[in-house]
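Grab a pencil and let's work through some exercises on the structure below. Try each task yourself before you read its solution.

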Amino acid sequence: MDTAHLLTRCRTGDSLALEELVETYQPLLYRLALSVLDNPAEAEDAVQDGFIAIIDSLDTYRGEAALTTWVYAVALNVCRKRLRKRIARKRLMQTLQWLLRLPEEANADPEEAAVHNEYDAALRRAVRALDEKHRLPILLHYAHGLTVIEIAQILGIPQGTVLSRLHTARKRLKGILVGKVETQ
Amino acid sequence: MTTPSHKQAQRWLELAADVGLSASERAALDAHLRGCAMCYAYSAELQSLETGLRRALRTRLNIYPSRSTMLARKLHSHLRRATFMKRFFRTSSAVIGLAGAIASLAVLVILFRELSRDRTPLVPVTATPTLTPLTFHKIDREPAPLNFRRGAATGVSTYDPNSDQPWQVDLRSYDLSFLDLSDALDDLMHATFDSQTTWPPAERMPSDFDWQRIMGLGKNPGLGVHSLHEQGFTGRGVGLAIIDQTLLVNHQEYADQLRLYEEAENITEGWLVTQMHGPAVASIAVGKTVGVAPEADLYYIATNVVGADNKRDFTYVARSIHRILEVNQQLPAGRKIRVISISVGWSPEETGYTEVTEAVEEANAAGIFVVSSNLEETYNFKFHGLGRAPLADPDAFESYVPGSFWAKSYSPDAAWLQERLLIPMDSRTTASPTGPNDYVFYREGGWSWSIPYIAGVYALVAQVDPAITPDRFWALALETSRTTKIEYSRQTVSFGPILDPAALIKALQQGH
């Protein structure tokens, strides 16, 4: 089924079309959400929110970018909102911990145990340490294999800015990694 | 080949990683790297970082598979909820805003219907008292109104009765206010004009020309259809689909009845703005004041039949029929689409002929009557369009004459006219493409205006008898038709058969 036909049927609430939409894009969106949010459970929720956002804004898709790029852009916005909420929540928790002397939240992420490559782990920590502006182009480029043009469309920024952010991010990653090695 | 600096070489290395280099840049970079240990190390470091990033980030994504289930079902529920809420809020705000007016109107309508029932014997026999709920609402785009940009006219064309040229006096959207039209009565009686036409003051107009009255009479679908509406025969609960050009979706005539507006892929540049045809056919079929079936549900797909090579292509019409069949499957039993109106015809030598012919057969098999210019070919039903003088009463059968475009070829003995059901066509006021409250009076029409009329009557009939079939409808329409007298070559001759909607419905009620 071609994209336009699929979207048209989704807009009418055609359940078969919705199944097809989910089947096609769920793996992509989940990987996107997981890479950005770095938390499998939260990524699952974000995928659901992302699909709802996609369904709600189907009428705004004008075919100017590829559907996949547009789907990425909508879902990425959902992830960014979650990130902002997470930052606000973290700040609140830090304040409460200071006021009430609460124990720090244990890291429930089992990832570290599953991955044995120390360099890769250090690299991922370095990526996490980047600010959102520089982290997203890195994730989209290296984790999802998107081109600079696609990243520009998804983030709504010029291609030159994407290039500049990738350059800066790599420079910072090198710096972070060198610092890690030196302190280890 | 210029040798790059270290800075340039490192910049190229970054670019090579992100977007690639031209062949000459690549060659210059390779040459530089072969002779520069510092840049070579930079390259190796960058490559190592990139490989590490791909591996580290992608590995992580692969070790946590998604466990989401039932997502499609959740989305479906969300979509249904969202559609319901959208409709609910839209309806609520409209109700709150117009509560007073609606209440008063409702009282008047009830009183009027009660009084009408006392005077007339017809009562819907099978119309359901409460409608099956329908939450279907999907408007893909709102095409912009058409602006003719005509400005001030320097004069009015003279009507030539011997010319075959249609619309000789086209005054739509012209500013005529500077003209003196006192002596132009004959021309004006053949004029097509719209709400945007600016007329001269009364002293510079012929005293016998009342454009408001002409426009008002043209709004009446005629043949007693308004009296059927007063009795509750309005096409309520019946779905009527139209495939035509782009539509002004918010026109007051049909906006409330429009359940679906979609555009085929070939609605591209040049076809995006509202075309004159769409609002006309939609309002003739389901318009609340000018239409035949003002309470039928309208499903509309915009397309055009002119291909990129300027030749006609009916592939998209065929696809649109299929789409309507698909939509129909999603509709509840009490609100199905029963008729499709397509104001165009197709020939065997044209692209898409086979596809559209097969699509009509599929629609027919699905219980949907497809009314088109090919009605004779697809169903063996023959029809023709009626003419009417602009000030003649549309409800009086005696007002009708042969339509403008074929009046010259009319002969009471013509074999081709026998058993050809005659349907209103000329002197119709319809929704105008120029604005949501605008109207246009078409002094001359074509089959394009008769086709949605037939579709509208079918919707009325399907409201009365949901088991109606095209064959039974047509046979009964001919059987109950009316024949009048007209003047021809200084003789009075019989003229017909003219469709008689009230007689048709009465016959259905009586079990014919």
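**Exercise 1.** Find the order of the 4 strands in the open, mixed sheet of chain B, then work out what packs on that sheet.

*Solution.*
Step 1: The order is β2-β3-β13-β12 in chain B, with mixed pairing. Strands here are DSSP runs of E with at least two residues, helices are runs of H or I with at least four, and both are numbered from the N terminus. Two strands pair if DSSP finds at least two bridges between them.
Step 2: Look at the edges. β2 (169-170) and β12 (428-431) of chain B each have a single partner strand, so one side of each has no neighbour in the sheet.
Step 3: Go inside. Strand β3 (residues 191-194) of chain B pairs with strand β13 (residues 439-442) of chain B in the antiparallel sense, over 2 bridges. B:Asp194 has B:Val440 in β13(B) as its bridge partner.
Step 4: Add the helix. Helix α8 (residues 277-286) of chain B packs on this sheet and touches β12 and β13 of chain B, and its direction makes about 110° with that of β12(B). Contact means heavy atoms within 4.5 Å. Angles run from 0 to 180 degrees between N-to-C directions, and axes are lines fitted to C-alpha atoms, for helices over the stretch in contact.

A quick word on the model: it is predicted, so local features need pLDDT of at least 70 and side-chain atom pairs count only at pLDDT 80 or more, while totals for chains, interfaces and linings use all residues. Residues are numbered from 1 along each chain as its sequence is written, chains are lettered from A and ligands numbered from 1 in the order in which they are written, and side-chain values use heavy atoms, leaving out hydrogens and water.

**Exercise 2.** Now take the sheet of 6 strands in chain B: which strands stand at its edges, and which helices lie across it?

*Solution.*
Step 1: This open sheet runs β1-β5-β6-β4-β7-β8 in chain B, and its pairing is parallel.
Step 2: β1 (138-139) and β8 (369-372) of chain B are the edge strands, each pairing on one side only.
Step 3: Strand β4 (residues 239-244) and strand β7 (residues 337-342) of chain B run parallel and are joined by 4 bridges. B:Leu240 sits opposite B:Val339 in β7(B).
Step 4: α8(B) shows up again, lying across β4 and β6 (297-302) of chain B at about 160° to β4(B). α9(B) lies across β1, β4, β5 (258-263), β6 and β7 of chain B, at about 165° to β7(B).

**Exercise 3.** Which residue forms a salt bridge with A:Arg9, and why does the pair join two chains?

*Solution.*
Step 1: The partner is B:Glu326, with the closest N and O atoms 3.9 Å apart. That fits the rule: a side-chain nitrogen of Lys or Arg within 4 Å of a carboxyl oxygen of Asp or Glu.
Step 2: A:Arg9 is in helix α1 (residues 3-11) of chain A and B:Glu326 is in helix α9 (residues 315-330) of chain B, so the pair joins two chains.
Step 3: For the whole structure, over all chains, the search finds 25 salt bridges.

**Exercise 4.** At roughly what angle do helix α12 and helix α14 of chain B cross, and which residues make the contact?

*Solution.*
Step 1: The axes of α12 (residues 447-464) and α14 (residues 501-509) of chain B come within 10 Å and cross at roughly 20°.
Step 2: The contact is made by B:Val457, B:Leu460, B:Val461 and B:Val464 of α12(B), together with B:Pro501, B:Leu504, B:Ile505, B:Leu508 and B:Gln509 of α14(B).
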